[in-house]
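Reader: I am a first-year student, and I would like to take a close look at a single part of this model. Could you guide me through it slowly and connect that part to what surrounds it?

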Amino acid sequence: QLLALNLPADDPNQENIHRLQNDCERLADLVKSGLSFVRPVEYHLEPVDLGRLISNLMDRWRNRLTRTQVKYNPQIDDNLPPVEGDLRALEQVFTNLIDNAIQAMEADGGILTINIRQISEADERSHVEVNILDNGPGIPPEAREHIFEPFFTTKRSGTGLGLAIVKRIVTAHKGSIHIHTIPGGTIFRVRIPCK
């Protein structure tokens, strides 16, 4: 970061520095994933506004969305009730799912739609449902049943821990996660109980 700041923006080394930063971030994520998977987690539950959480996350992704030609289509209901959750853990869930969606569309660009709404079903507690839709190539049928298993990955540089950790966090929050995929798109549907 210091090297990038100290060199002019048009310096040919900026590209190498950018690559180094990306690799450092990838390695940091790899270590974090491993630790998250093996370390017992203690969740600190508090009211969490999922609409705000995801809006804040998307602000951070703005540059990458522009770079990868992915358009963001938010569909967030007004007056969403808070869920009961651990803010950092839920942030990890949605960071991972959004990152996967963007990676699925990186080659050709696409549309990332995030739909957030409250749902109430008979005899059940109210939930906030988050649907993350991408119009990437979809997940192959042979991979779908293994997608949440530890160390299963379809990416060359993946660890296979991201979605396993997501599943564990969502389950610990008494929520649910489902995947629907067809050639030309994938939807991850996460439901977290309202406070």
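Which residue just after helix 6 takes a positive phi?

Author: The residue is Lys174, which comes just after helix 6 and has a positive phi of about 60°; please keep in mind throughout that this is a predicted model. Most residues other than glycine have a negative phi, and Lys174 is a residue other than glycine. Lys174 has its place in the loop between helix 6 and strand 6, the latter spanning residues 176–182. With a relative accessible area of 66%, Lys174 is exposed, because a residue counts as exposed when this value is over 50%.

A second residue can be set beside Lys174: Asn79, which is not a glycine either, has a positive phi of about 55°. Asn79 is found in the loop between strand 2 (70–76) and strand 3 (83–85), and at 76% relative accessibility Asn79 also counts as exposed.

Let us now step back from Lys174 into helix 6 itself, which covers residues 162–172. In this helix Gly162, Leu163, Ala164, Ile165, Val166, Ile169 and Val170 are buried, whereas Lys174, in the loop that follows, is exposed.

The partner to look at next is helix 4, residues 87–105, whose axis comes within 9 Å of the axis of helix 6 and crosses that axis at roughly 140°. An angle over 145 degrees would count as roughly antiparallel, and this crossing does not reach that limit, so helix 4 and helix 6 are described as oblique to each other. Their crossing is left-handed. On the side of helix 4, the contact is made by Ala89, Gln92, Val93, Asn96, Leu97 and Asn100, and on the side of helix 6 by Gly162, Leu163, Ile165, Val166, Ile169 and Val170. Sorted by class, this contact has eight nonpolar and four polar residues, with no charged residues.

Helix 4 also meets helix 3, which spans residues 50–68, and here the two axes come within 10 Å and cross at roughly 30°. Helix 3 and helix 4 are therefore roughly parallel to each other, and their crossing is right-handed. Among the residues in this contact are Leu53, Leu57, Trp61 and Arg64 of helix 3, and Leu90, Glu91, Phe94 and Asp99 of helix 4. By class, the contact of helix 3 with helix 4 has twelve nonpolar, three polar and four charged residues.

If you follow the chain onwards from helix 4, you come to the loop between helix 4 and strand 4, where Asp108 has its place. Asp108 is exposed, with a relative accessible area of 71%, and its C-alpha lies 8.6 Å from that of Gly136, although these two residues are 28 apart in sequence. Strand 4 itself, residues 110–119, holds Asn115, which is buried at a relative accessible area of 18%. The side chains of Asn115 and Gln75 are joined by a polar contact of 3.2 Å, and, leaving aside neighbours within four places in sequence, Asn115 is in contact with Gln75, Glu129, Val130 and Asn131.

Finally, the whole chain gives these parts their setting, for its secondary structure comes to six helices and seven strands. Of its 195 residues, 38% are buried. Among contacts between residues at least 6 apart in sequence, 70% join residues at least 24 apart.

Key. Residues are numbered from 1 along each chain as its sequence is written. This is a predicted model: local features need pLDDT of at least 70, side-chain atom pairs count only at pLDDT 80 or more; totals for chains, interfaces and linings use all residues. Side-chain values use heavy atoms; hydrogens and water are left out. Axes are lines fitted to C-alpha atoms, for helices over the stretch in contact, and angles run from 0 to 180 degrees between N-to-C directions. Helices (H or I, at least four residues) and strands (E, at least two) are DSSP runs, numbered from the N terminus. Angles under 35 degrees count as roughly parallel, over 145 as roughly antiparallel, 65 to 115 as roughly perpendicular and the rest as oblique. A crossing is left-handed if the near helix is turned anticlockwise from the far one by less than a right angle, and right-handed if clockwise. Contact means heavy atoms within 4.5 Å. Ala, Val, Leu, Ile, Met, Phe, Trp, Tyr, Cys and Pro count as nonpolar, Asp, Glu, Lys and Arg as charged, and the others, Gly among them, as polar. Buried means under 20% relative accessible area, exposed over 50%, partly exposed in between (1.4 Å probe, protein chains only). A polar contact is a pair of N or O atoms within 3.5 Å; within protein, one must be able to donate a hydrogen and the other to accept it, and residues adjacent in sequence count only if both atoms are side-chain atoms.
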